[in-house]
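Look at the sequence and the model below before reading on. The text starts with charged side chains and then moves through the fold, the core and the surface.

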Amino acid sequence: MNASGVDGPRWDRRRLRQAAKDILAAGLHAADPARLVMRHLRVDGNVLHVAGSTYRFGKRGRLVVVSAGKAASAMGRAAEELLGERMAEAIAVDSSAPAQP
């Protein structure tokens, strides 16, 4: 047991900073909008799976993607990457700085 009455190494300033960095990195990774889109959007042949819901693509149907909010650009790019040619049109309404194409 150390002087604070807790087993294990002492939490000095360096260790606290590293722990804070690790916690921030984990939070940013968990909230990454592109990663979340990739996780919840899937195409299997003629079927689109979106966060637990399933939709069938029509023979000549159109798929339009709409994203809004601070992460709209990142979400739209991720959807475009996943959907490819199936996506007919898209709009992203983003209040943050312009995204890189």
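Which side chain meets that of Asp44 in a salt bridge? The partner is Arg42, and the N to O distance is 3.0 Å. The model is a predicted one, and a search of the whole structure finds two salt bridges. Side chains of opposite charge can pair when their charged atoms come close. In this first pair, Asp44 is partly exposed, with a relative accessible area of 38%, and Arg42 is partly exposed as well, at 44%.

The other salt bridge joins Arg62 to Glu89, and here the closest N and O atoms are 2.2 Å apart. Arg62 sits in the loop between strand S3 (53-56) and strand S4 (63-68), while Glu89 belongs to strand S5 (residues 87-93), so the pair ties together parts that are 27 residues apart in sequence. Arg62 is exposed, with a relative accessible area of 57%. Glu89 is partly exposed, and its value is 45%.

Now take the fold as a whole. The protein contains three helices and five strands. Read from the N terminus, the elements follow the order α-α-β-β-β-β-α-β. Among contacts with a separation of 6 or more, 47% are between residues 24 or more positions apart. One pair of residues set apart along the chain is Asp32 and Ala74: they are 42 residues apart in the chain, and their C-alpha atoms are separated by 8.8 Å. Asp32 lies in the loop between helix H1 (13-30) and helix H2, and at 31% relative accessibility it is partly exposed.

Ala74 brings us to helix H3, where it is one of the buried residues. This helix has 12 residues and reaches 16 Å from its first C-alpha to its last, which is close to the 16 Å expected at 1.5 Å a residue. The buried residues of H3 are Ala72, Ser73, Ala74, Gly76, Ala78, Ala79 and Leu83. What covers them includes helix H2 (33-40), strand S1 (41-44), strand S2 (47-50), S4 and S5. After H3 comes Gly84, which has a positive phi, near 55°.

Which residues make up the largest nonpolar core? There are 10 of them: Val37, Leu41, Leu48, Phe57, Leu63, Val65, Ala78, Ala79, Leu83 and Met87. Two elements, S4 and helix H3 (72-83), give two or more residues to this core. H3 provides the largest share, three residues. Across the whole protein of 101 residues, 17% count as buried.

Met87 is a useful core residue to follow. Not counting residues up to four places away in sequence, Met87 touches Leu63, Val65 and Glu80. Leu63 and Val65 are also members of the core. Glu80 lies in helix H3, but it is partly exposed, with a relative accessible area of 46%. The C-alpha atom of Glu80 is separated by 8.4 Å from that of Ala90, a residue 10 places away along the chain.

Is Ser67 of strand S4 buried or exposed? Ser67 counts as buried because its relative accessibility is 7%, and the cut-off for a buried residue is under 20%. If neighbours within four places in sequence are left aside, Ser67 is in contact with Ala72, Met75, Gly76, Ile91, Ala92 and Val93. Of these, Ala72 and Gly76 are among the buried residues of H3.

Two other contacts of Ser67, Ile91 and Val93, lead to the surface. Together with Val64 and Val66, they form a nonpolar patch there, with about 370 Å² of accessible area in total. Strands S4 and S5 each supply at least two residues of this patch. Ile91 lies in strand S5 and is partly exposed, with a relative accessible area of 49%. For the protein as a whole, the accessible surface comes to about 8,100 Å², and 56% of this belongs to carbon and sulfur atoms.

Strand S4 can now be seen in several roles. It gives two or more residues to the largest nonpolar core, it helps to cover the buried residues of H3, and it supplies at least two residues of the nonpolar patch on the surface.

Key. Residues are numbered from 1 along each chain as its sequence is written. This is a predicted model: local features need pLDDT of at least 70, side-chain atom pairs count only at pLDDT 80 or more; totals for chains, interfaces and linings use all residues. Side-chain values use heavy atoms; hydrogens and water are left out. A salt bridge is a side-chain nitrogen of Lys or Arg within 4 Å of a carboxyl oxygen of Asp or Glu. Buried means under 20% relative accessible area, exposed over 50%, partly exposed in between (1.4 Å probe, protein chains only). Helices (H or I, at least four residues) and strands (E, at least two) are DSSP runs, numbered from the N terminus. Patches are made of residues with over 30% relative accessible area and no salt bridge: like charges are joined within 9 Å, nonpolar side chains (Val, Leu, Ile, Met, Phe, Trp, Tyr) within 5 Å. Accessible areas come from the Shrake-Rupley method with a 1.4 Å probe; for residues, only the protein chains shown count as cover. A nonpolar core is a set of buried Ala, Val, Leu, Ile, Met, Phe, Trp, Tyr and Cys residues joined through side-chain atoms within 4.5 Å. Contact means heavy atoms within 4.5 Å. The expected span of a helix is 1.5 Å times one less than its number of residues.
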